[in-house]
Amino acid sequence: MARAREGTAGTRPWSPLVAPDGRPVHVVHLVAELAPFARSGGLGEAVHSLARFQAASGLATSIVMPLYDRVKTVATDMEPVGNAFRVDVGPRMELVRLWRNVPKRDDPLAHVSVYFIESEEYFSRPYIYGPPGADYLDNARRYACFVRAALAALPMIVGDAPVLLHTHDWHTALAPVYLRTTHAYGGSGPVTCVLTVHNAGFQGHFPQATLADVGLPTSLFNSRQLEWYGVVNFLKGGLVFADRATTVSPTHAHELRTAKGGFGLDGVFVALRDRFSGITNGIDQAAWDPATDPIIPANYSLENLNGKYICRQALQRETGLRPTDEMPIVAMSARLVAQKGLDLILDDPSYFAIDAQFLFLGSGEPRYEEALHAIADRAPNRIVVETRFSEALEHRLLAGADMCLMPSLYEPCGLTQMRAQRYGTIPIARRVGGLADTIEDGTTGFLFDDYTPADFMRAVMRAVEQFDDPDAWLGMIRAAMSRDFGWETSAAKYLAVYQRAMTQAARSGEAMV
C-alpha cells in the first residue's frame, strides 16, 4: 500500500482505497477478539497487526469487538458513543451500547479507531467463548447480538463513507448474511463485505431452530446457504453471502478446497472459485526484532550474534535447564491441543531420548499437560513444561532456543514460525498451510509431510545432525534471520481483494445496502 498523502483544500483526502464514485472507503474489521484487549490465539494478533498497517498506509481503519469483562482491565480509558440502543435478535430486543477506546500517546493502535459493543447480558462474563474445554451454550445468540449491534452502529463509526466490512471467522460470519437478507443499513454509502477464515476447524454449528433465534428466515436452511449436514453453519452462510473470502495462506486455500483438508466445507470453497484466495499473515517486525527487543536478556543481529548465545544461557538459568552448549534446546510455544501435533511427540518414546533439551510453553487439554508434566518430572534439568503463558517468556524462549517445534496436524498460517526465524531459531514443522509457505526446507527450517511419528522423527534428526555442524547451523540461522515477514506484501494483497470486491459488486448491482 502507498503511504497516505495530504489532501488539498477543496478535495477529498487521499486514500489507497476508493469506491467507484471516488469517495475514500472506510475499512471496518469485525472480530471476536483483539490483542491486547482480549485474545485466545493468533486471530486477535493478526487483526491487530493488519489494521495497524492499513491505518499507517492511509486507510481509514476501525475495529469493532465485544466489550468482554477482561477488556475493561486493559481499555481503562473509554468513552461512550451516543446513547444505549436496542437491537432485535430474533424474538428479543437487546440493550447494547457503543464505546470507543481512547488511546494513550504510545498506544500501538493509536491510529486505529477501536470500538466495543457492550451487552451486560452476553459479554460480562469471565471467558471469551466459554470456560476451559467448553463453549457458552448461548454463543449463537451472543455473536448474533454482537453482529447486529455492530451493523446498527456502522453509521456512528463511518459517517456517510462507503464501507468495506472485513469480518473474521464464524463469530462474525452472520454479518454478510444479515446484510443480504434482513438488515437495512442506515448509512448513505454502500457496504461491501470480505470474510477471512482464520481457522476453518471452528464453524459455528447450531440446531436448525437457531435461525429463528437469531432473527433469520427459516428459508435460509437449505443446502446452498446455511444448512450443513442437518445443522446451521454460520461460517458457511458467511462464505456464501460475502462478496469475497480469504484465508490466511495460499497453501491453506488449496487445502480447504480438498476433501481431506476442507473440514466438510470443501465444496463451498470450490464453488467460490476466484472469489476465494489465500493471503499469508505478516508479523509486527518492530515488536519481534532481536536487535531492539527490550524483553530479551541481550540484543543481537545478523551482523553480531553474540547476544543469541547470552539469551540461550539466560533461558537455561530461568527455566532450570542444565547449562550446556553441547546439545540443542528444542522449544514449543503453542496451545497444548491435538491440532498442534502433541500426539506425534507423545506417541514415540524415542523422541525424548534424543540428545537435546526440551521446553514447552503453553496450556491446553489436561491430557497433554499431564503427560508432558509426567515426562518432565523424570528429567527436570532436561525437560521443562511451563503452562503459564506470557508473551514476555515467549520472547525470551524464541531468543534463547535453537529450534522451534511445530508438528501441526493443520496450521492455516501460524505466526510462531515467522517469529522464530526472525530470532534465528530454526523451525521443525509439518509441510501444511502457512508453515509450507513461510519455511524453506533445509535452508531456514526442516519440514516433513506425513502426520506420523516416523516422518516427524526424521525431520527432528535432520535438525539435530545439522546442529552438530556449527558452520552449517550458522548458515541456517543467518538465512532465517534475513527473511522478511512484514505486512507490506500481504496488506497490498488485501487491498487488491477489497478493490475487486467493490468493483464486482458495483458492476453487478449487488453491493450490500
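## Around Leu239

Let's start inside the fold. Leu239 touches Leu195, Val197, Ala245, Leu265, Val268, Phe269, Leu272 and Arg275, leaving aside residues up to four places away in sequence. This is a predicted model, and the contacts of Leu239 are a good way into it.

## Two nonpolar cores

Leu239 belongs to the largest nonpolar core, which has 85 residues. Together with Leu165, Leu239 has the most contacts inside that core. Helix H3, covering residues 139-158, gives the most to this core, with 13 residues.

Apart from this core lies another one, made up of 65 residues. Met332, Tyr351, Phe358 and Ile383 are among its members.

## Overall fold and dimensions

Stepping back to the whole protein, the secondary structure comes to 17 helices and 19 strands. Of the contacts between residues at least 6 apart in sequence, 70% join residues at least 24 apart.

The C-alpha trace spans about 65 × 55 × 40 Å along its principal axes. How does the radius of gyration relate to that of a compact globule? For 513 residues, a compact globule would have a value near 24 Å, and the protein has 23 Å, so the two agree.

## Burial, surface and charge

Buried residues make up 58% of the 513 residues. On the outside, the protein exposes about 20,400 Å², and carbon and sulfur atoms supply 52% of that area.

As for charge, there are 48 positive and 57 negative side chains. The centres of these two sets lie 5 Å apart.

Definitions and conventions. Residues are numbered from 1 along each chain as its sequence is written. This is a predicted model: local features need pLDDT of at least 70, side-chain atom pairs count only at pLDDT 80 or more; totals for chains, interfaces and linings use all residues. Side-chain values use heavy atoms; hydrogens and water are left out. A nonpolar core is a set of buried Ala, Val, Leu, Ile, Met, Phe, Trp, Tyr and Cys residues joined through side-chain atoms within 4.5 Å. Buried means under 20% relative accessible area, exposed over 50%, partly exposed in between (1.4 Å probe, protein chains only). Helices (H or I, at least four residues) and strands (E, at least two) are DSSP runs, numbered from the N terminus. Contact means heavy atoms within 4.5 Å. The radius of gyration is taken over C-alpha atoms; the globule rule is 2.2 Å times the number of residues to the power 0.38. Accessible areas come from the Shrake-Rupley method with a 1.4 Å probe; for residues, only the protein chains shown count as cover. Lys and Arg count as positive and Asp and Glu as negative; His and the chain ends are not counted. The place of a charge is taken as NZ of Lys, CZ of Arg, CG of Asp or CD of Glu.
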